[in-house]
Amino acid sequence: MYRHRRDDSGGGGAGFLWGGLACCCAGAGCYLLGRSYDESANQLRSARKFCRISDLSMTLSAASSGYIPLVSLSGRVGSDMPIIGEQSGLEAVIVENDVTQIILKKKKEDVKEYVVVKKTEDKDGTEKITVRKKKNDDEQWIRCTEHISSKRKEVPWYLDDGTGRVEVVGARNADGYVLRLANEEFEKQPRTCGCECSIKILGLRRTEWTLPTGTNLNVVGEAVKGDYGEILIKRPRNGGPFHVSRSSIDKIVSNLGSDARWCHFWAVTFATSGALLLGIGGYAMC
């Protein structure tokens, strides 16, 4: 009498174990990402809010250290020597012009030959069969872009709320920094080039991105007095948050909190699934 024995290879159990490990790793990643979102939100909440720049100026003058680690304020963009956009004609403090070439490239495919058999019948009823070879010459074109040039202009600018001014230093590297698309033009330059005419040039796309004067911005960063008594907002020296955004700080904090909650949800989901798969895999390996 033979008794049925469990397969010792454990192939199915190993699959469950690997799947469980993958889910647990994904859960750990989501948890750490959620923690980082929570920390960023807490740092933004800890920023000292100033409703008026004049209040910041008085507080900064009274500070013995000469700086305030983290402040939050808002104002309108201004400059004593603004730039006029070449394409848009808008008055701005930052203007970026990009030129890209729009082209079509012939998709490279192996040329395949096939036989064509054609059967015809003459007037006298004689059948004729014609056999000839034909190449597959169907053309497929892929739309591509190639960067041609970039040009950036920036002048010293500040935020003004009617009670005072602050200068923002290094805004380009701040979180939330986004320029507005001011103008986009397409210049047709149709021509064909390349080996066997494999490239078709459609034209040039010219775009202009600007930070116009009068734009309302919210900033979070370190406040410090400059050499000439001006107030500077820059990235904190201790590595804290540095935001320059059109969105309010409360909205940014709310978005970070929402992202953190979703990350924690998926962390729990992946961890639970991983634990279940590990249990199934361990049972199957026994």
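Start with A14: at 25% relative accessibility, this residue counts as partly exposed, on a scale where buried means under 20% relative accessible area, exposed over 50% and partly exposed in between (1.4 Å probe, protein chains only). The model is predicted, so local features need pLDDT of at least 70 and side-chain atom pairs count only at pLDDT 80 or more, while totals for chains, interfaces and linings use all residues. Residues are numbered from 1 along each chain as its sequence is written, and side-chain values use heavy atoms, with hydrogens and water left out.

A14 sits in helix α1, which covers residues 11–45; helices (H or I, at least four residues) and strands (E, at least two) are DSSP runs numbered from the N terminus. Its C-alpha atom is 6.2 Å from that of G281, although 267 residues separate the two along the chain. Y31 belongs to helix α1 too and, at 40% relative accessibility, is partly exposed. Here the C-alpha to C-alpha separation is 9.8 Å, with W262 as the partner 231 residues away along the chain. Beyond its neighbours within four places in sequence, Y31 is in contact with H264 and A267, contact meaning heavy atoms within 4.5 Å.

Taken as a whole, the protein chain has 3 helices and 14 strands. Of its 286 residues, 30% count as buried. Looking just at contacts with a separation of 6 or more, 73% come from residues 24 or more positions apart.

Now to the inside. The largest nonpolar core has 30 residues, and L56, W157, L159 and I233 touch the most other members; such a core is a set of buried Ala, Val, Leu, Ile, Met, Phe, Trp, Tyr and Cys residues joined through side-chain atoms within 4.5 Å. At least two residues each come from α2 (53–62), β2 (67–78), β4 (91–106), β9 (165–168), β12 and β13 (231–234). There is also a second, separate core of 9 residues, with L44, A47, I252 and V253 among them.

L159, one of those best-connected core members, lies in strand β8 (residues 158–160) and is buried, with a relative accessible area of 0%. Setting aside residues within four places in sequence, the contacts of L159 include I53, L73, V77, V166, V168 and V219. L217 is another contact of L159; the two are 58 residues apart in sequence, yet 7.8 Å apart in space, C-alpha to C-alpha.

I53 approaches L159 from helix α2. This isoleucine is buried as well, at a relative accessible area of 1%. Besides L159, its contacts outside the four-place window include S74, D160, D161, T163 and I231. The C-alpha atoms of I53 and G75 are 8.5 Å apart, across 22 residues of chain.

W157 links the core to a cavity: this tryptophan is among the core members that touch the most others and also helps line the largest cavity. Not counting residues up to four places away, W157 touches V77, G78, S79, V93, I94, E167, V168, A171, L211 and L217. The count is 1 cavity of 30 Å³ or more. On a 1 Å grid over the protein atoms alone, a cavity is a set of points where a 1.4 Å probe fits but cannot get out, and lining residues have an atom within 4 Å of a point. The largest cavity holds about 70 Å³ of space, where points are joined across faces, edges and corners and the volume is the space filled by probe spheres set on them. Besides W157, the lining consists of A171, G176, Y177, V178, L211, L217, V244, S245 and R246. By class, that gives 7 nonpolar, 2 polar and 1 charged residues; Ala, Val, Leu, Ile, Met, Phe, Trp, Tyr, Cys and Pro count as nonpolar, Asp, Glu, Lys and Arg as charged, and the others, Gly among them, as polar.

Two buried residues with polar side chains round things off. E222, in strand β12 (residues 216–225), counts as buried at 1% relative accessibility. Its side chain makes a polar contact of 2.8 Å with the side chain of R237, that is, a pair of N or O atoms within 3.5 Å; within protein, one must be able to donate a hydrogen and the other to accept it, and residues adjacent in sequence count only if both atoms are side-chain atoms. E222 also touches Y67, I68, P69 and L232, among others. N97, in strand β4, is buried at 10% relative accessibility. A polar contact of 3.0 Å joins its side chain to that of E208, and further contacts of N97 include Q87, S149, S150, K151 and T207.

Technical notes
1 Å grid on protein atoms, 1.4 Å probe; cavity = no way out; pocket = protein on both sides within 12 Å on 5 of 7 lines; lining within 4 Å.
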